[in-house]
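Reader: Hey, got a minute to walk me through this one? I'd like to start with how the chains meet.
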Amino acid sequence: MPELDKIIHSPARLKIMAALMALGPSDQLDFSTLGGTLGLTDGNLGAHLQTLEEAGYIKIEKTFVARKPRTFVRATTRGRARFEEHVEALREICKV
Amino acid sequence: MNQEATPPPSPAEAHATLADIDRTQAQMRSDIAQSSVAPNMIFAGILWMGNLTISQFAQAIAQSPYGLKYISWIFTFGGVLGLALFQSRQRRLVIRHFNWRVPVLFLVIYGYAAILYLVAEPWSLLHNLNGADQLMMVHKKFACVFIAVFLGYVIMGLWVGRFFVWLGLLMTALVLLGYNFLPDYFYLWSGVTGGSAFILSGVFIRKFWK
């Protein structure tokens, strides 16, 4: 029986995971693009990303592109599996 | 950590959450396509239009289909380089994991195209033809290339949306129309119609892609 995930259940974190799941398994998304799409401030997004990273659901990588610092985010295998289980649990609830 | 008790949502709430997930994912894909794919399509359309329009007017100075072929190659390589430069200057929103299937797909397509070209030996026919027929043979070759591009539109449309299927079919019909009825203006016709198809695709992705 799939279970709801407490960390992903938060609306903002659910949207973050949903957005990252829209990409390929190893694709990394630009931090600003993620915030812009979800309508989250940098501070708010950063806090939620930290929670997800501590849980091992995402990986944050800081790099330089054309000598400018950029932050990219990707969902880990564990994060993807948890998200899919969470979605499955929601589908089960809908069937009730 | 995720095993702690979470108050389960009601079926209505769960349904709304699933809808929210779908909306977020559609929005994400749309944002990426709008900011990365759309400008490339528009730029490619401008290059396509420019290349073939120049080829149309270059016919007069090229003297022969061979000369025209070299002029066209110069503009094609210039266009590919321009597109690569344009892409390299864009802000990258997504770092894609290397997918070996993409380069292999192109190798297969171009490899088979080269094999067909070698088997068909179109250049052997070209030597035996007079000037007007040589030009017709070059038109035939270009028409095949354009039709192959729009076949790509139709195939792509089966995955990404009906708009591209209809656009591919319309453009194929327009190529055939130009090839059969407007031989004197074939490059200009193909440049305007084919370039417009790319630009229209970019605008469609920017405005309506969901």
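Author: Sure, we can take the chain contact and then a pair of helices. Keep in mind that this is a predicted model.

Reader: OK, how many residues does each chain put into the contact?
Author: Chain A gives 31 residues and chain B gives 24 residues.

Reader: And which parts of chain A supply at least two residues each?
Author: Those are helix 1 (6-9), helix 2 (11-21), strand 1 (28-30), helix 3 (31-38) and helix 5 (77-95) of chain A. Helix 5 of chain A has the largest share of that side, with six residues.

Reader: How do the residues on chain A's side divide into nonpolar, polar and charged?
Author: On the side of chain A that touches chain B, 18 are nonpolar, six are polar and seven are charged.

Reader: You listed a strand there. What joins strand 1 of chain A to strand 1 of chain B?
Author: Two bridges do, and the two strands run antiparallel. In chain B, that strand covers residues 94-95.

Reader: Which residue stands opposite Leu29(A)?
Author: That's Val94(B), in strand 1 of chain B.

Reader: Switching topic: at what angle do helix 2 and helix 4 of chain A cross?
Author: Roughly 75°, with their axes coming within 10 Å. Angles of 65 to 115 degrees count as roughly perpendicular, so that is the label for helix 2 and helix 4 of chain A.

Reader: Which residues make that contact?
Author: Helix 2 of chain A uses Ala12(A), Arg13(A) and Ile16(A), while helix 4 of chain A brings Asn44(A), His48(A), Leu49(A), Thr51(A) and Leu52(A). Between these two helices, the contact residues divide into four nonpolar, three polar and one charged.

Note on methods: Residues numbered from 1 in each chain as written. Chains lettered and ligands numbered in written order. Predicted model: local features only at pLDDT ≥ 70, side-chain atom pairs only at ≥ 80, totals over all residues. Contact = placed C-beta atoms within 7 Å. Helix = DSSP H or I, 4+ residues; strand = E, 2+ residues; numbered from the N terminus. Nonpolar A, V, L, I, M, F, W, Y, C, P; charged D, E, K, R; others polar. Pairing = 2+ DSSP bridges. Axes fitted to C-alpha atoms, helices over the stretch in contact; angles between N-to-C directions. Parallel < 35°, antiparallel > 145°, perpendicular 65-115°, else oblique.
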